[in-house]
Amino acid sequence: MPELPEVETIRRGLEKHLVGKKINELEILDLKLSKENLSHVKSVKVTTVRRFGKGLVIELDNEYSIAVHIKMTGQLIFKQNKQDILPDKHTRAIFKLENAAVLYFNDIRRFGWIKILKTDEVGRLPFFKNLGPEPFKNLTPRYLQEISQKSNLPIKTLIMDQRKISGIGNIYANDALNLAKINPSRKAKFLTEKETNKLYLSILEVLNRGLKYGGSSEVNYVNADGNKGKYQNHSFVYNREGENCLNCGSKIKKTKVSGRGTYFCESCQK
DNA sequence: GACAATGTTACAGT
DNA sequence: CACTGTAACATTGT
């Protein structure tokens, strides 16, 4: 999905719409999605909606949870009433809620997943088990400095590794490095402590900015109400190849770092 | 047709 | 074993 700000924005919307409400049934439409434990999602109330990195967990009042990862093109859209736009050909699952409300799981590329399992087993799923610290919780400048010192990878690749830090993807990694004035290709181990400290603050700042603008709807992202975010109009470098650096006015360049599109300002980011 | 796209993971090679 | 790079997953848009 969408990265931490997008997933967190969805989480807040789901919290508003789902907590205390009953799920009558979960209908799985895409054969690629597992139907394991589906019988446990019948007439159950939602107690909490949590986010871990880019993953979501809808906790139920029967000891079970629904874990969801929307990968790059997933959407979770709540509708209070049946209407004519949804479901569409990309609808992979339908949560049928009390009072005729519906939550649609749409996913164009079908990379996303839904898993139903005991709440106390969610942490054992490989994705959740291996997550690194959360930027707004237990990530510290010292930790960032330590993992950087030990890594041969480009700094951009390192901060996008979910096992090292959770929640940062390509958009916010590009922008955090621009804000910190660090070239994305630099080997992490050669960054100074001053630079990793600056990067730590920049990561928090761009993620907060993402939240402030309701996430980035570069491609398919929408929030739980089906509305797009606005961060794509406020990014520092992401998807701004050939445009002017907001800091110095130089043309923003695009390259590849570890196979991912990478935007940066040659003049600011050394 | 070729290529790239917000993400993760399996696999191959070192 | 640890680390790193690449392919693969599936679909759409340029």
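1. Start with E7. There, Phe 105 is the bridge partner of Ala 93, and Leu 103 is the bridge partner of Phe 78. Keep in mind throughout that this is a predicted model.

2. The pairing between E5 and E7 is antiparallel and runs over six bridges. Strand E7 covers residues 102–107 and is also joined to E6 by five bridges, again antiparallel. In that second pairing, Ile 94 sits opposite Tyr 104 of E7.

3. How many residues of E7 are buried? Six of the six are, so the strand is largely enclosed by the rest of the structure. The burial holds on both faces. One side carries Val 102, Tyr 104 and Asn 106, and the other carries Leu 103, Phe 105 and Asp 107. In a regular strand, side chains alternate between the two faces of the sheet. Note that Asn 106 and Asp 107 are among the buried residues.

4. Strand E6 spans residues 91–97 and is mostly covered, with six of its seven residues buried. Strand E1, residues 22–28, runs antiparallel to E6 and is joined to it by five bridges. Leu 26 stands opposite Phe 95 of E6 in that pairing.

5. Look at the turn between E6 and E7. The hairpin has four residues between its strands, and Asn 99 takes a positive phi near 60° there.

6. Now the whole sheet. It is open, has eight strands and pairs in the antiparallel sense. The order is E5-E7-E6-E1-E2-E3-E4-E8. Which strands lie at the edges? They are E5 (74–79) and E8 (113–118), each of which pairs on one side only. From one strand to the next, the twist averages 30°.

7. Further along the order, E3 (residues 55–60) and E4 (residues 64–69) run antiparallel and are joined by four bridges. Here Glu 59 stands opposite Ser 65 of E4.

8. DNA strand B is surrounded by 22 residues. The closest are Pro 2, Lys 54, Val 219, Asn 220 and Tyr 238. By class, the surface near DNA strand B has nine nonpolar, six polar and seven charged residues. Of the DNA strand B atoms within 4 Å of the protein, 55% belong to sugar or phosphate, and the rest belong to bases.

9. Several individual contacts to DNA strand B can be checked. An N or O atom in the His 69 side chain is 3.0 Å from a phosphate oxygen of the strand. A polar side-chain atom of Lys 254 is 2.9 Å from a phosphate oxygen of DNA strand B. For Met 72, a polar backbone atom is 3.5 Å from a base nitrogen of DNA strand B. The elements giving two or more residues to this surface are helix H5 (170–179) and strand E10 (260–264).

10. Which residues surround DNA strand C? They are Lys 32, Lys 89, His 90, Ile 108, Arg 109, Arg 110, Phe 111, Asn 152 and Leu 153. The class split is three nonpolar, two polar and four charged. Of the DNA strand C atoms within 4 Å of the protein, 59% belong to sugar or phosphate, with the rest in bases.

11. Arg 109 and Arg 110 contact different parts of DNA strand C. A polar side-chain atom of Arg 109 lies 2.4 Å from a base nitrogen of the strand. For Arg 110, a polar side-chain atom lies 2.7 Å from a phosphate oxygen of DNA strand C. Asn 152 uses its backbone: an N or O atom there lies 3.4 Å from a phosphate oxygen of DNA strand C.

12. Last, the cysteines. A disulfide is a covalent bond between the sulfur atoms of two cysteines. The structure holds zero disulfides. Why is Cys 265 not bonded to Cys 248? The cysteine sulfur closest to that of Cys 265 is in Cys 248, and at 3.6 Å it is too far for a bond; the cut-off is 2.5 Å. Cys 268 is also in no disulfide, its nearest cysteine sulfur being that of Cys 248, 3.6 Å away. Cys 265 counts as buried because its relative accessibility is 0%. Cys 268 counts as buried too, at 11% relative accessibility, where the limit is under 20%.

Notes. Residues are numbered from 1 along each chain as its sequence is written. Chains are lettered from A and ligands numbered from 1 in the order in which they are written. This is a predicted model: local features need pLDDT of at least 70, side-chain atom pairs count only at pLDDT 80 or more; totals for chains, interfaces and linings use all residues. Side-chain values use heavy atoms; hydrogens and water are left out. Buried means under 20% relative accessible area, exposed over 50%, partly exposed in between (1.4 Å probe, protein chains only). A residue is near a molecule or strand if one of its heavy atoms lies within 4 Å of it. A polar contact is a pair of N or O atoms within 3.5 Å; within protein, one must be able to donate a hydrogen and the other to accept it, and residues adjacent in sequence count only if both atoms are side-chain atoms. Ala, Val, Leu, Ile, Met, Phe, Trp, Tyr, Cys and Pro count as nonpolar, Asp, Glu, Lys and Arg as charged, and the others, Gly among them, as polar. Two strands pair if DSSP finds at least two bridges between them. Axes are lines fitted to C-alpha atoms, for helices over the stretch in contact, and angles run from 0 to 180 degrees between N-to-C directions.
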